[in-house]
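User: I am new to this protein and would like a close look at one part of it. Please walk me through it in plain words.

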Amino acid sequence: MIIDALVRMGPSFDGREKSIEDYIAGMKREGIDRAILCPNKPASYDVTEGNSFVAEILKTYPDLFFGAVRIDPWRFAEQRSRYDACFENRAFRFVYLSPWEETFRCNDEPAFPAYEYAIGKGVPVIIETGQPYVAHITQIADVSERFPELNIITTNGGGIDLSGILAKEVDMILQTHENIYDGTCASVDGEKIAAHMDRICKGRVVFQSNYPVYDLHTELYRVQNSYASEEGRMETLGAAIQQFLK
């Protein structure tokens, strides 16, 4: 089974959204079985509108999708009841945070209630990762250490910047922080991603397309044609994320 662990869906403030019908056509074309939908930030900047949009998709296509509840740490207290309402639908299995778009540092106190909330709900948190100052891999490591019972799923292979120093930091942190999972989107270094699958964080790499930000076919091709072992590729394409979908 192939599971896409990051699809951005719903009206977006930056106009980059695609329809769910477009993505479903891509699923059929690429042989993807299920996907996790993370709400875009709408033009109103009210993330609960994005959550509601995803909730309607989950009702329409219950056999295809799971959802992530997007949380705005700055409005957590006032919106908490609406987050709770989403989790009444068991198809919502994750919390989703975007430090860059919501302008908060992932390891600063305003974000802590969101992590405590995810722990209380028994769900992992997907954190858009890689932007300096707000979601650098070292900041993700700090969150991991502050909340050791929280499972964290990164994006962008742990870092957007592909410089040698950052790549080594990502490797070190993934190797030493067992509650951090590596999301594959934008992982353009074939040797790096293969090393993650087979050695550095074996069993903790998950396939993400981050559609429509990135190209669905390209992101899947990188994993399916990786230098990694067949076991590593199969874990990444579905098995690693399935533990959170039972």
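Which exposed residues does helix 3 carry on the face turned away from its buried side?

Analyst: Happy to help! This is a predicted model, in which local features need pLDDT of at least 70 and side-chain atom pairs count only at pLDDT 80 or more, while totals for chains, interfaces and linings use all residues. Residues are numbered from 1 along each chain as its sequence is written, and side-chain values use heavy atoms, with hydrogens and water left out.

The exposed residues on the face of helix 3 turned away from its buried side are E78 and S81. Here exposed means over 50% relative accessible area, buried means under 20%, and partly exposed is in between (1.4 Å probe, protein chains only). Helices (H or I, at least four residues) and strands (E, at least two) are DSSP runs, numbered from the N terminus.

Now for the other side. Helix 3 spans residues 76-87, and its buried residues are F76, Q79, Y83, C86 and F87. Looking down the axis, these buried residues fall within an arc of 105°, so they line one face of the helix; the arc is taken from the directions from the helix axis to the C-beta atoms. An α-helix has 3.6 residues a turn, so residues three or four places apart point the same way.

What does that face touch? The buried residues of helix 3 pack against helix 2 (47-60), strand 3 (65-70), strand 4 (92-97) and helix 5 (112-121), where contact means heavy atoms within 4.5 Å. Helix 5 also supplies a ring partner: F87 and Y117 have ring centres 6.0 Å apart and planes at 55°, so the pair is tilted. F87 sits in helix 3 and Y117 in helix 5, 30 residues apart, and both are buried. For this count, rings of Phe, Tyr and Trp (its six-membered ring) pair if their centres lie within 6.5 Å; planes under 30 degrees apart are stacked, over 60 edge-to-face, and the rest tilted.

Strands 3 and 4 belong to an open sheet of eight strands, in the order 1-2-3-4-5-6-7-8 with parallel pairing. Two strands pair if DSSP finds at least two bridges between them.

From strand 3 we can step out to some charges. The side chains of E101 and R70 meet in a salt bridge at 2.7 Å, N to O; the term means a side-chain nitrogen of Lys or Arg within 4 Å of a carboxyl oxygen of Asp or Glu. E101 lies in helix 4 and R70 in strand 3, so the pair ties together parts that are 31 residues apart in sequence. Both E101 and R70 are buried.

E102 and K41 form another salt bridge, at 3.3 Å, N to O, and both are buried as well. These four residues join R8 and E128 in a network of salt bridges. K41 also lies over the face of Y45, 4.1 Å from the ring centre, and over that of F13, at 5.9 Å. A charge sits over a ring if NZ of Lys or CZ of Arg is within 6 Å of the ring centre and within 35 degrees of the ring normal.
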